[in-house]
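Here's an informal walk through one protein chain, written for someone who likes to check contacts and distances by eye. Have the viewer open and follow along.

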Amino acid sequence: MILAYGLSEVNQFKGMMIEDEAYQHLQRLAVDIGSRTIGSPGNLAAAQYIQSSFESHQLSVEQQEFLCPDWAELETSLELSGELMEASANTFSPSCELAAATVPVGTLAELEQASISGRIPVFYGSLAQSEIAAKGAIYVSERDRRIVQLLEERHPSGLITVNPTLHGRWRLVEDFDLDLPSVTVSARSGLELLKRPGESVHMKIITRRLASKSANVIARLAGDSPEKIVLCAHYDTKVDTPGAYDNAAGVAALLTLVSCLAGPGHPPYRHTLEWVAFSGEEIYGLGDMEYARRTGNGFDRIVAAINFDGIGPLVASNSIATFAASIPFTEMVARLASGYPGVAQVNPWPASDHYIFYSNKAPSIAMSSVGIRDIYHTPEDTIDWISPARLGEAVSLALDIVRALDEKDLAWCRPT
Ligand SMILES: [Zn+2]
């Protein structure tokens with residue numbers, strides 16, 4: 001059948017198959033399954049789907065389990081003198097029903113001095129620019145560590161965080177070790193609370209918080225050497241988001257790369273190939289920590305890791321960056337990427353699953369995208385933003401890189 005086509009048509013045909021397969025995985029994860037927060041039924045269903053997909057290519061699969069809660073918000077209300085504020089329970093918040101006076105706090109210096117015992121601090125300004133890292137998380141700044149320490153030592157009744165965006169629905173605390181009821185309010189409700197500091201609010205939160213577990217799902221294809229090339233993407237999401245761009249699209253690329261590299265009649269590889277679907281990237285980096293614990297000094301045998309997180313939106317350019325690599329490695333990646341003029345070569349950016357590799361000295365590549373900035377972690381992160389052609393572009397570039405790296409020795413990839 002294929003013999004009837006010319007070479008360029010064959011490449012086009014292969015491209016179509018890559019796009020179709022990637023889009024099918026994307027639909028399964030972001031539409032049929034939807035939100036995949038660690039420990040939730042959606043998270044477990046996604047792990048099962050990924051495992052089956054790996055097994056359909058006769059790969060050996062390992063699940064690296066870790067414990068975490070299954071949490072869901074059932075009801076949240078926050079009233080200021082009978083007026084209802086726009087509030088969402090922060091992820092993992094315990095249930096509560098209480099009334100207490102508010103104390104607006106904008107900076108860490110103010111928090112150090114504020115008397116918050118038995119009251120409800122309202123974090124705004126510099127204390128509410130982004131999520132406050134849980135103390136058990138993989139990357140925790142000294143500042144976030146101190147904030148959590150003060151909250152634990154001073155026993156406030158609850159916590160209110162003010163959303164720093166007008167339309168986003170970020171939850172600024174997600175810490176299942178912190179036994180403090182908390183909500184994030186809209187910027188507009190934050191304004192009302194700050195106009196009337198010290199007034200009492202009534203906070204009611206009903207959540208489900210059950211013991212559960214989650215797992216990284218890992219497939220391997222043994223090569224001639226135990227030195228390995230790792231391909232990875234996280235499949236978990238924040239709550240309330242179908243996580244199409246962050247990061248069903250990355251997982252779709254990961255699973256499509258299994259078909260491309262381990263499908264029928266694949267060539268023998270020098271290096272072992274490992275596909276890692278991480279869970280818990282969005283919460284503490286739990287899966288990354290579990291992977292690191294089990295890998296131990298095995299990072300010394302990783303030729304390179306390629307991470308996919310946030311690829312594929314139509315109103316964006318796919319992007320690529322390299323970390324902890326030799327100059328020839330970085331130049332080779334840049335040369336291969338230049339074959340894809342739609343891909344932006346960007347400066348290294350720290351967060352996501354590539355961190356665990358480059359921080360352990362394994363050369364790493366991050367594939368993502370630059371475009372509309374605030375879709376991720378929101379209910380708006382839906383499949384209609386994603387372009388099959390951009391998914392295909394990311395997969396094709398990754399294939400070029402894996403094939404080129406398979407010819408390289410580990411020492412060539414690492415800086416001297
Ligand atoms: Zn992500």
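Which residues does Arg390 touch, not counting residues up to four places away in sequence? The list is Gly312, Pro313, Leu314, Ala316 and Asn318. Keep in mind that this is a predicted model. Arg390 itself sits in helix α10, which covers residues 388-405. With Pro313 there's a polar contact to look at: a polar atom of the Arg390 side chain lies 2.9 Å from the backbone oxygen of Pro313. For a sense of scale, pick Leu221 as a second point: Arg390 and Leu221 are 169 residues apart in sequence, and their C-alpha atoms are 27 Å apart in space.

**Two domains**

Now zoom out. The domain assignment splits the chain into domain 1, made of 2-69 plus 213-413, and domain 2, which is 82-198. Their C-alpha centres lie 34 Å apart. On the contact itself, domain 1 puts in 22 residues and domain 2 puts in 15 residues.

How much area do domain 1 and domain 2 bury between them? It's about 1500 Å², with 64% of that on carbon and sulfur atoms. In general, the accessible area lost when parts come together is often the number used to give the size of an interface.

There's a polar side to this contact too. Three salt bridges are counted between domain 1 and domain 2, along with seven residue pairs in polar contact, both residues being at pLDDT 80 or more. Looking at the side of domain 1 that touches domain 2, the elements giving two or more residues are β1 (60-80), α7 (286-295) and α9 (354-358). Of these, α7 gives the most, with three residues. Sorted by class, that side of domain 1 has 13 nonpolar, four polar and five charged residues.

**Salt bridges**

The total count for salt bridges comes to 23. One of them joins Glu75 and Lys204, whose closest N and O atoms are 3.4 Å apart. Why might you care about where these two sit? Glu75 belongs to strand β1 and Lys204 to strand β8, so the pair ties together parts that are 129 residues apart in sequence. Another salt bridge is formed by Glu174 and Lys238, and there the closest N and O atoms are 2.3 Å apart.

**Strand pairing**

Strand β8 (residues 200-221) turns up again and again in the pairing, so it's a handy thread to follow. Here are the pairings, one per row.

| Strand pair | Sense | Bridges |
|---|---|---|
| β1 and β8 | antiparallel | 20 bridges |
| β4 and β8 | antiparallel | six bridges |
| β8 and β10 | antiparallel | five bridges |
| β4 and β5 | parallel | four bridges |

To find these in the viewer, note that β4 covers residues 96-105, β5 covers residues 120-123 and β10 covers residues 271-278.

Some individual partners help to fix the register. Along β4, Leu98 stands opposite Met203 in β8, and Ala101 stands opposite Ser200 in β8. Val103 has its opposite number in β5, namely Pro121.

What is the bridge partner of Val61 in β8? That's Ala219. Ala219 also stands opposite Trp275 in β10, which makes Ala219 a good residue to click on if you want to step from one pairing to the next.

**Backbone oddities**

Two spots in the backbone deserve a look. Asp246 and Asn247 are joined by a cis peptide bond, with omega at about 10°. Asn247 is in helix α6, residues 244-262.

The other spot is Ser81, which has a positive phi of about 45° although it is not a glycine. Where is Ser81 found? Ser81 is in the loop between β1 and β2 (83-84).

Key: Residues numbered from 1 in each chain as written. Predicted model: local features only at pLDDT ≥ 70, side-chain atom pairs only at ≥ 80, totals over all residues. Heavy atoms only, no water. Domains from an automatic or database assignment. Contact = heavy atoms within 4.5 Å. Buried area = accessible area lost by both parts, 1.4 Å probe. Salt bridge = Lys/Arg side-chain N within 4 Å of Asp/Glu carboxyl O. Polar contact = N/O pair within 3.5 Å; in protein donor to acceptor, adjacent residues only side chain to side chain. Nonpolar A, V, L, I, M, F, W, Y, C, P; charged D, E, K, R; others polar. Pairing = 2+ DSSP bridges.
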